Structure formats: C-alpha cells, structure tokens
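Here's a short tour of a few spots worth a look. Keep the viewer open and follow along.

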Amino acid sequence: SSDNLSDERDDLRSSEFRYHALKVAEEAVRKSEAVLRAVTENTPDWLFLLDENLRVQFMNRPFGQNRPEIVLGRAFLDFVPQEFRASMEDTYRKALATGVPARLELRKPNPEGIPGNFEHRIMPVIESGVVRALTVAVTDVTERKRAENELRAQVRILETMREGVVL
C-alpha cells in the first residue's frame, strides 16, 4: 500500500544518492591519479616503490635499458652494480626495520654509461604503525658534485694565495 510505495521511493532515492556519490568519488580518484601521474612523469628524479622484499612495485620512468615493464616485480638490487649491492641492501633493510629515512650516494654509470653521482633518498611507507614499503627517489647529482669540487679547489687556491701575501 502507501507505506510500501513510500519505502520503495526511499529505496530509490537512497540508490540514486549512492550512485551519485559513487560517481563523484570515481571522478575524484581520476583527478587524483592524473595529478599523481603528472608529478611522477615530470620529475627529474627516478621514483621507485619497493615492497618489504625490495621488489619494485612502481617505477616512474626508464633508467637506461631498464624499463618499467622489465623492472616491475623484480628485485631492485638486481639492477644495481654488484659492488654496491651489499651496502645498499644494508641501508634499505635498516630503513625497513627501523622506519627511519635514509640517504646514500653512489658513483656509478648513468644511463648513457658515463660515470655519475646518484643520491638515493629512502623513505619508509608506514601503515598502521608498520613499515610496509619504501619509496626511493634517485637524483643525478653529478653536476652539483662537480660544482662543489670546483668551489673547493677555488677556495684552496685563494687560501694558498692569502698565505703568500705578507701584510
């Protein structure tokens, strides 16, 4: 009767409201994903998300021959020169165990095979108080290191010149 009709209308309104809320939420997710994609694709850094086993879950762009489709799901350290693996693994595992961010710098070949300096900034991903993953931002700091070394050399020259001047 009229009570049933009223209940059906309420159910219909409730369904329409849920449908509209779902569409609004889906649009918000699409916009959020677009922003995230724009940020990760346009940063000069290489960004990685590593799981608890140091396997690559996300990579924002290729590094030389290492393309995301090759790297995803594989051990991050498999793509690091052998001589750096042990120390890197220690640093990464310590960040996983303690939840404390870490940083390291390596001198290794860049994607073109030319020696370069790379800074790794390692940030734990903490969910409900437990470290679940690591985000890693790798920056090519070769030019910065070159400028720092040049500046140090200039300071040494000036200090040597100053020592030779008698006032």
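Start with aspartate 3, which sits in helix 1, the run covering residues 2-42. Keep in mind that this is a predicted model. Is aspartate 3 buried or exposed? Its relative accessibility comes out at 55%, so it counts as exposed, the cut-off being over 50%. Aspartate 3 also has company: together with Asp7, Glu8 and Asp11 it makes up a patch of negative charge on the surface.

Next, a residue with a quite different setting. Asparagine 60 belongs to the loop that runs between strand 2 (56-59) and helix 2 (68-71). With a relative accessible area of 11%, asparagine 60 is buried, because that falls under the 20% cut-off. So what do the polar atoms of its side chain meet? One of them lies 3.1 Å from the backbone oxygen of aspartate 45. On the nitrogen side, the backbone of leucine 47 comes in at 2.6 Å from a polar atom of the asparagine 60 side chain. Here are those two contacts side by side:

| Backbone atom | Partner | Distance |
|---|---|---|
| Oxygen of aspartate 45 | Polar side-chain atom of asparagine 60 | 3.1 Å |
| Nitrogen of leucine 47 | Polar side-chain atom of asparagine 60 | 2.6 Å |

Now for some backbone angles. Which residue in the loop between strand 1 (46-51) and strand 2 should you click on? Try leucine 54, which is found in that loop. Leucine 54 isn't a glycine, yet its phi is positive, at about 60°. It is also buried: the relative accessible area of leucine 54 is 2%, and under 20% is what buried takes.

Serine 128 is another non-glycine with a positive phi, this one about 50°. You'll find serine 128 in the loop joining strand 4 (115-127) to strand 5 (130-140). Buried or exposed, then, for serine 128? Exposed, because its relative accessibility is 78% and the bar is over 50%.

Last stop: leucine 104, in strand 3, which spans residues 102-109. Leucine 104 has 11% relative accessibility, so it goes down as buried. How far apart are leucine 104 and alanine 75 in space, C-alpha to C-alpha? The gap is 18 Å, with their positions 29 residues apart in sequence.

Definitions and conventions
Residues are numbered from 1 along each chain as its sequence is written. This is a predicted model: local features need pLDDT of at least 70, side-chain atom pairs count only at pLDDT 80 or more; totals for chains, interfaces and linings use all residues. Side-chain values use heavy atoms; hydrogens and water are left out. Helices (H or I, at least four residues) and strands (E, at least two) are DSSP runs, numbered from the N terminus. Buried means under 20% relative accessible area, exposed over 50%, partly exposed in between (1.4 Å probe, protein chains only). A polar contact is a pair of N or O atoms within 3.5 Å; within protein, one must be able to donate a hydrogen and the other to accept it, and residues adjacent in sequence count only if both atoms are side-chain atoms. Patches are made of residues with over 30% relative accessible area and no salt bridge: like charges are joined within 9 Å, nonpolar side chains (Val, Leu, Ile, Met, Phe, Trp, Tyr) within 5 Å. Accessible areas come from the Shrake-Rupley method with a 1.4 Å probe; for residues, only the protein chains shown count as cover. A salt bridge is a side-chain nitrogen of Lys or Arg within 4 Å of a carboxyl oxygen of Asp or Glu. Lys and Arg count as positive and Asp and Glu as negative; His and the chain ends are not counted. The place of a charge is taken as NZ of Lys, CZ of Arg, CG of Asp or CD of Glu.
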